[in-house]
Amino acid sequence: MVADREVDVAVIGAGQAGLSAAYYLARRGLIPESGFVVLDANEGPGGAWRHRWDSLTLGSAHGIHDLPNFPLGTPDPREPASSVVSRYYDAYEAEFGLRVQRPVRVRKVSRTAGNRLRITTDSGVWLAKFVINATGTWDKPYWPAYPGQQDFRGIQLHTRDFRSAADFAGRRVLVVGGGTSALQFLLQLHEAGAQTAWSTRRPPEFTRRPFDAEWGRGVERAVSERTRAGLPPLSVVAATGLPLTAQYQKGIDDGVLISRGPLVRLTPAGAVFEDGSTAAADVILWATGFRASLGHLASLHLREPGGGVRMDGPRVVLLPQLFLVGYGESASTLGATRAGRAAALAALAALQGWSTSSQTNSVMVPRSQSRRSTA
């Protein structure tokens, strides 16, 4: 039996937020695998991006923000984002010697009598003074419930199950959801020869406002107000709206991106909408988003009466030893990078007052001396 392993800080998840946190922990002197550890459930680098469908490119997605002190550069916009990001994260881990432990699936995080957090995994137990949780949302797809759902005779799948629009050529596909994934699915399915219909709970909120830094800060403030109040974060589209790009405008003009309105119920052969109209369907694609993957934290009882986790920046108010990054305002790659840094620096500051801290004052630099730290 493997003995419990002790570290100052455990990072759970090696996506954008987790890698950012790990970088700053190492840069400020903690040693990988002894001072801190990064645990990741995936078989290889890339976080949730490694699971995305091949037709999703960084040109069609919102893009990805640079990790600290390691620019992504300008990848081929035609290359699948899954390949680009997996390769980028892999290079990042190697460049800074982060030694991510994988595949390691965290089963439970609990308190110990010694004022530490016990991380129980499928490959042993880690004991940490602080935990930075960066598990994202990919493992918790949201499936809404509608009357008649069990009676539908066709195929039902979620965003995370989608692989290629070509799989649905010649079929009638109902896409449910109001986010950018739904828009991309509808356009790709239409081009591949599927007959599409679109259902949204509210009229699509297209905006011509540029998604610039000022806009991003406004979105982060709005989401932060909810998490500070202990409310669950809103969906991405509820906070951002939909960018009215030339591609989406053409889809509207062509009649592809026109919502049929709210879904009321399913029938064995299709769907009924709020206005009483119907649509026959062979496939229902639930592009209904994800929720924060926090099941392994359930024993800590962090939920507030409002249903969310009360946050003060990246720190959990009810358990200051725990930080959530990639949650709420830090769900975007830009926000995740910032939150990873904030969580790492806060954990390091707290370690200063921990009598058994093993923190040093050394500063980490990239192995490649051709890069200069700007973080």
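**Exercise 1.** In which hand, left-handed or right-handed, does α3 pass α6?

*Solution.* The model is predicted: local features need pLDDT of at least 70, side-chain atom pairs count only at pLDDT 80 or more, and totals for chains, interfaces and linings use all residues. Residues are numbered from 1 along each chain as its sequence is written, and side-chain values use heavy atoms, without hydrogens and water.

Step 1. Two packed helices are described by the angle and the distance between their axes. Helix α3 covers residues 180–191 and helix α6 residues 246–253 (helices are DSSP runs of H or I with at least four residues, strands are runs of E with at least two, numbered from the N terminus). Their axes come within 11 Å and cross at roughly 60° (axes are lines fitted to C-alpha atoms, for helices over the stretch in contact, and angles run from 0 to 180 degrees between N-to-C directions).

Step 2. The angle makes α3 oblique to α6 (under 35 degrees is roughly parallel, over 145 roughly antiparallel, 65 to 115 roughly perpendicular, the rest oblique).

Step 3. The crossing of α3 past α6 is left-handed (the near helix is turned anticlockwise from the far one by less than a right angle; clockwise would be right-handed).

**Exercise 2.** State which strands stand at the edges of the sheet β11-β12-β13.

*Solution.* Step 1. The sheet is open, with three strands in the order β11-β12-β13 and antiparallel pairing (strands pair if DSSP finds at least two bridges between them).

Step 2. β11 (263–267) and β13 (278–280) each have a single partner strand, so they stand at the edges, with one side of each left without a neighbour in the sheet.

Step 3. The twist from one strand to the next averages 20°.
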